[in-house]
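Biologist: I want to see where the labels for this model come from. Take me through them one at a time.

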Amino acid sequence: MSFRNLDLNLLKVFDAVMAERSLTRAAERLAMTQPAVSHALKRLREALGEDLFVRQAFGMKPTSRAEGLWPEVRAALTRLRVALDPGDYQPEAEEFTFRLAMADATAALILPPLMQGLEQMRALANIHVLPLTTRDPRALLEQGEADFALGYFPMAVAALKGQGQMAAIRQQRLYDSYYVCVMRRGHPLADRELTLDAFCQAHHLLVSFSGRPHGFVDEALAALKRSRRIVLTVNQFFTAGRVVAHSDLLTVLPQSFITATGYQESLIYRPLPLTLAPVHVDLLWHLRNEDRSAQRWMRERLIASVANPAAAVAPTTADGVEDAALSMLRRAD
């Protein structure tokens, strides 16, 4: 089958038959005759080279191939309809899938209140979270692989601000956080001030989405002509929390992410003995989605769902994570 030769009207018929499981009801829904619907399915079967439905006494049973195709076809048709008719999106009546690119800790903070809100609204929105493997998600948005990206994207945001209104990617600040040094309760460094010498002499865990063997902390240490030994690199904050909770490794995390590791009861944090820039968590989306009502609706839901992590001010004490956990319950302004 060549996609260039495929009649896209056949996909509308396919969607209707999948939804109705009946040629008669699908024909009524599409304002077509039943023979016309049957002929459209025959053409689609010929184009794909395999059956999509099996006739039964009480309707049409989709094949496994049809079951696999339907979510993608339904999502594509919904997106096309919203793009061509930029009227108000009706979340309780229209099914729509939104693709969000973010790290596990960001998802752990944002998804619970987001999903709670969607359930209360009885919205038919579906959320597909994509793994974030880069600090620059612009390509994901430009290529349409993701609708939104949420996270700390310092270089990307700086580039966007430099482009001003000419930028194809839009950005909104969600909240700020600050890096802290995280260790297990009972760690040898837990009961004393964390000095730069002690920090550099300890063994460290690095969270790196891209797998790079160094990060912001190492760049800051290099400026001071210092270094540290990284004995483990992972790409998830949850994994980092679990490992640190059961070892003498230190890690550096945004303070707001400590609770998201799931190991806050076993962890404490200390102010870093060096200066790092704040962590700015941003929401990014492509200009083409700026005025689409479904996308606008989801942006509003994401912004409303952002908890205000324990990060509104730089950490000034080292009393553990209990205060951080309580602070995370506050809503962003």
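Biologist: What makes residues of helix 5 count as buried?

Modeller: Buried means under 20% relative accessible area, exposed over 50%, partly exposed in between, with a 1.4 Å probe and protein chains only. In helix 5, A105, T106, A107, L109, I110, L111, P113, L114 and L118 are buried. The model is predicted, so local features need pLDDT of at least 70, side-chain atom pairs count only at pLDDT 80 or more, and totals for chains, interfaces and linings use all residues. Residues are numbered from 1 along each chain as its sequence is written, and side-chain values use heavy atoms, with hydrogens and water left out.

Biologist: What covers the buried residues of helix 5?

Modeller: The cover includes strand 3 (96–102), strand 4 (125–131), strand 5 (148–152), strand 6 (169–177), helix 10 and helix 11 (293–305). Contact here means heavy atoms within 4.5 Å. Helices (H or I, at least four residues) and strands (E, at least two) are DSSP runs, numbered from the N terminus.

Biologist: How do you know that the span of helix 5 agrees with what is expected?

Modeller: The expected span is 1.5 Å times one less than the number of residues. For the 18 residues of helix 5 that gives 26 Å, and the end C-alpha atoms are 25 Å apart, so the two agree.

Biologist: Where does helix 5 have a kink?

Modeller: At I110, shortly before the proline P112, with an angle of about 35°. The bend at a residue is the angle between axes fitted to the seven residues ending there and the seven starting there. After helix 5 comes R122, with a positive phi near 55°.

Biologist: Why is A36 called partly exposed?

Modeller: Its relative accessible area is 30%, so A36 falls between the two cut-offs and is partly exposed. A36 belongs to helix 3 (residues 34–48).

Biologist: What makes a set of residues a nonpolar core?

Modeller: The members are buried Ala, Val, Leu, Ile, Met, Phe, Trp, Tyr and Cys residues, joined through side-chain atoms within 4.5 Å. The largest such core has 80 residues, and F98, F148, L150, F199 and L302 touch the most other members. Helix 5 (residues 104–121) gives the most to this core, with seven residues. Apart from it lies another core of 21 residues, including V13, M18, L52 and M60.

Biologist: Which residues does L302 touch?

Modeller: Leaving out residues up to four places away in sequence, L302 touches L100, I110, L114, F148, L150 and L283.

Biologist: Why are strand 9 and strand 11 placed at the edges of their sheet?

Modeller: Two strands pair if DSSP finds at least two bridges between them. The open sheet has five strands in the order 9-8-10-7-11, with mixed pairing. Strand 9 (229–234) and strand 11 (267–270) each have a single partner strand, so one side of each lacks a neighbour in the sheet.

Biologist: How do you know that strand 8 pairs with strand 10?

Modeller: Two bridges join them, which meets the minimum for pairing, and the strands run parallel. H204 stands opposite L250 in strand 10. Strand 8 (residues 203–207) also runs parallel to strand 9, over five bridges. Strand 7 and strand 10 are antiparallel, with four bridges, and C181 stands opposite V252 in strand 10.

Biologist: What makes strand 10 mostly covered?

Modeller: Five of its five residues are buried. L250, V252 and P254 point one way from strand 10, and T251 and L253 the other way.
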